[in-house]
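Reader: Hello! I am new to this structure and would love a close look at one part of it, the spaces inside.

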Amino acid sequence: MERKHLLTTKELTRSEIEAVLDRAAEIEAEGLHGASRDFLLGLMFFEPSTRTRLSFEAAAKRLGGDVVDLGALEASSVEKGETLADSVRVLEGYADALVLRHPREGAARMATEFIDIPLINGGDGAGHHPSQTLLDLYTIRKHVGLDGLSIGILGDLKYGRTVHSLAAALTNFDVTQHFISPESLRLPRDVRFDLHETGASVKEHTEMDDVIPLLDVLYVTRIQRERFPDENEYRAVAGEYSIDASTLEAAKDDLIVLHPLPRVDEIDPAIDDSPRAKYFEQSHNGVPVRMALLDLLLGGEDR
Ligand code: NCD
């Protein structure tokens, strides 16, 4: 991979995306024993995380590396008032690459100004979450391919960073994107602008029913409660969309349902056993995809 950092999906080309997905497929076929590298990955999570943190840790260890983890904020110098710029400069001395999750949009890009080792944005506020997108695309490609598709993206399109990253990445493929949300959680203007600039095929909806029959993929997201400035605004939209067996009755036979997880009440657990439900597989795909990403960012074939 030519690039040093992975900050958003806006700068990714189709061939770069495919290189990661192809490498991930090889790694998966090899039983998750992709390479043998000696490296330390620094994990810096300033927001809660289960999948991203643990799948990066699993990926690093399965590649032959290990992690150093900033751990809970109360246990680190962040509690003493250390700045992000100082924390990343310190971790740079302990690790060969960093994964950073931070509540502030733009934090990952800012952090790269202070360090010389690769940094992966593990989520910056309502901004981007590019490694999540790579595993989303890996899962989509596996089941329905990546061209000639209609993808519905449902839920919190305003604050959902996985949505912003997925939408930008999909512009590299022949995909019609259907965005479904309450009016107040529409895609932000800058994201709509960027999509428009690429000539992407984009449609916006507030109702689900007319769209469901068109879709090959339904990507459901959680309303990002923690990002609402006002709890009442959250309550006004909470629970507005929920997917259950009856919602999917009108869907194509091979529609798949994805969700970056965690879910709250957006998907009825009764459909977990349906062959359409791919969200747990999607979360498992985080390991081969993050192995591939680390492998490529740390130097690809020349090991
Ligand atoms: C997502 C995130 O952190 O943006 N979680 C994840 O990494 N799978 C989605 C969410 O929190 O809703």
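How do the residues of the lining of the largest cavity divide into nonpolar, polar and charged?

Author: Happy to take you there, and please keep in mind that this is a predicted model. The lining of the largest cavity divides into eight nonpolar, three polar and four charged residues. That makes a lining of 15 residues, and those nearest the centre of the cavity are Ile223, Gly239, Tyr241, Asp265 and Glu266. The volume enclosed there is about 110 Å³.

Spaces like this can be found with a simple idea: a probe the size of a water molecule, rolled over the atoms, shows where empty space is left. In this structure there are two cavities of 30 Å³ or more, and the second largest cavity holds about 30 Å³ of space. Around it you will find Arg51, Ser55, Gln132, Leu135, Pro260, Gln282, Ser283, Gly286 and Arg290. Four elements each give two or more residues to this lining: H2, helix H5 (130-144), helix H9 (279-284) and helix H10 (286-297). By class, the second largest cavity has two nonpolar, five polar and two charged residues in its lining. Its position can be worked out from the domains: domain 1 (9-128 + 285-302) and domain 2 (130-283) both give residues to the lining, so the second largest cavity lies between them.

From here, let us turn to the ligand. Arg51, Gln132 and Pro260, which you met in the lining of the second largest cavity, are also among the residues around the ligand. The others in that shell are Thr52, Arg101, His129, Arg161, Thr162, Arg222, Gln224, Leu261 and Pro262. Both domains take part again, as domain 1 (9-128 + 285-302) and domain 2 (130-283) each supply at least three residues of the shell. Sorted by class, the shell around the ligand has three nonpolar, five polar and four charged residues.

Some of these neighbours reach the ligand with polar side-chain atoms. Arginine 161 has one that lies 2.8 Å from an oxygen atom of the ligand. For arginine 222, an N or O atom of the side chain is 2.9 Å from a ligand oxygen, and for threonine 52 a polar side-chain atom is 3.0 Å from an oxygen atom of the ligand. On its own, the ligand has 320 Å² of accessible area, and the protein covers 94% of it. Helix H2 (51-62) and helix H6 (161-170) are the elements that give two or more residues to the shell.

One more detail belongs to this shell. Leu261 and Pro262 are both around the ligand, and the peptide bond from leucine 261 to proline 262 is cis, with omega near 5°. In general, most peptide bonds are trans. To find proline 262 in the view, look in the loop between strand S9 (256-258) and H9.

Technical notes. Residues are numbered from 1 along each chain as its sequence is written. This is a predicted model: local features need pLDDT of at least 70, side-chain atom pairs count only at pLDDT 80 or more; totals for chains, interfaces and linings use all residues. Side-chain values use heavy atoms; hydrogens and water are left out. A residue is near a molecule or strand if one of its heavy atoms lies within 4 Å of it. A polar contact is a pair of N or O atoms within 3.5 Å; within protein, one must be able to donate a hydrogen and the other to accept it, and residues adjacent in sequence count only if both atoms are side-chain atoms. Accessible areas come from the Shrake-Rupley method with a 1.4 Å probe; for residues, only the protein chains shown count as cover. Ala, Val, Leu, Ile, Met, Phe, Trp, Tyr, Cys and Pro count as nonpolar, Asp, Glu, Lys and Arg as charged, and the others, Gly among them, as polar. Domain bounds come from an automatic or database domain assignment. On a 1 Å grid over the protein atoms alone, a cavity is a set of points where a 1.4 Å probe fits but cannot get out, and a pocket is an open set with protein on both sides within 12 Å along at least five of seven lines; lining residues have an atom within 4 Å of a point. Grid points are joined across faces, edges and corners, and a volume is the space filled by probe spheres set on the points.
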